[in-house]
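Trainee: I am new to this one. Please take me through a single part closely.

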Amino acid sequence: DGSRRSLARLAARPVRGAAPKRAAEEGTAMHIVMQHVNLRAVHGEESVLHQIEGMVALGLLSEEQAGMVDAGAVAAFASGELGTRMKRAATLRREWPFTLRIGAKEAIDGAPPGVTVLVQGVMDACFEEDGAWVLVDFKTDRVAGEPLELAAKRHAGQLGFYAHALKTLTDMPVKEQWVYLFRANRGVRIG
């Protein structure tokens with residue numbers, strides 16, 4: 001039927017491109033899917049493809065973007081440790097924007113005292129577990145030949161700001177910070 005042909009077309013598209021612009025577009029597409037995917041309904045790659053097809057029908061993703069998403073990686077995340085914990089969480093926030101005023105010294109080395117800066121960002125995902133937050137940052141970085149811990153640590157500063165914002169805005173501690181590397185299908189805890 002038409003649904004199967006559409007799924008086959010999505011699944012047949014190449015997942016990974018080589019150009020930097022393409023890499024950024026792939027990251028954007030993956031973030032859109034991770035914002036909207038029903039993790040509890042993921043039971044393998046085909047169920048992810050069905051959800052992606054639904055996102056295209058709703059106008060959340062273009063067909064081109066849909067073809068950039070690695071549905072197998074989304075399914076692997078959903079069945080892995082972090083995905084399982086997210087599914088159990090009573091509170092889950094995805095693509096959560098924030099704005100926070102902080103002392104400039106917290107963000108800029110050598111900043112004068114008394115100066116503040118406005119920090120804005122969007123947290124990829126956070127969920128409540130045992131009265132504390134678990135913060136997850138999704139990355140589609142190419143990590144071939146690089147230790148995963150090193151690849152994840154490149155994002156430690158960004159995640160540190162997010163953790164500070166999350167704690168400040170919700171008055172609840174952040175107990176864990178993770179970078180999830182989709183190309184390696186692995187989460188790396190950095191805090």
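Trainee: Where does Asp171 lie? Please start there and then cover the sheet around it.

Mentor: Asp171 lies in the loop between H9 and S4. Some ground rules come before the rest. This is a predicted model, in which local features need pLDDT of at least 70, side-chain atom pairs count only at pLDDT 80 or more, and totals for chains, interfaces and linings use all residues. Residues are numbered from 1 along each chain as its sequence is written, and side-chain values use heavy atoms, with hydrogens and water left out.

Helices (H or I, at least four residues) and strands (E, at least two) are DSSP runs, numbered from the N terminus.

Back to Asp171. Its phi is near 55 degrees, a positive value in a residue other than glycine. Most residues other than glycine have a negative phi. Asp171 counts as exposed because its relative accessibility is 69%. The cut-offs are these: buried is under 20% relative accessible area, exposed is over 50%, and partly exposed is in between (1.4 Å probe, protein chains only).

Glu95 also has a positive phi, near 50 degrees. Glu95 sits in strand S1.

Now the sheet. It is open, with 5 strands in the order S1-S2-S3-S4-S5 and mixed pairing. Two strands pair if DSSP finds at least two bridges between them. At the edges are S1 (92-103) and S5 (186-189), each pairing on one side only. On average, neighbouring strands of the sheet are turned by 40 degrees against each other, direction ignored. Helix H9 (residues 156-170) packs on the sheet and touches S1, S2, S3 and S4 (174-181). Contact means heavy atoms within 4.5 Å. The direction of H9 makes about 90 degrees with that of S1. Axes are lines fitted to C-alpha atoms, for helices over the stretch in contact, and angles run from 0 to 180 degrees between N-to-C directions.

One strand pair deserves a look. S2 (residues 116-129) and S3 (residues 132-139) run antiparallel, paired over 5 bridges. Glu129 stands opposite Ala132 in S3.

Finish in strand S4, with Tyr180. Tyr180 counts as buried because its relative accessibility is 5%. Setting aside residues up to four places away in sequence, Tyr180 touches several others, including Ala76, Phe77, Leu82, Val136 and Arg186. Asp137 is also on that list. The C-alpha atoms of Tyr180 and Asp137 are separated by 6.1 Å, though the two are 43 residues apart along the chain.
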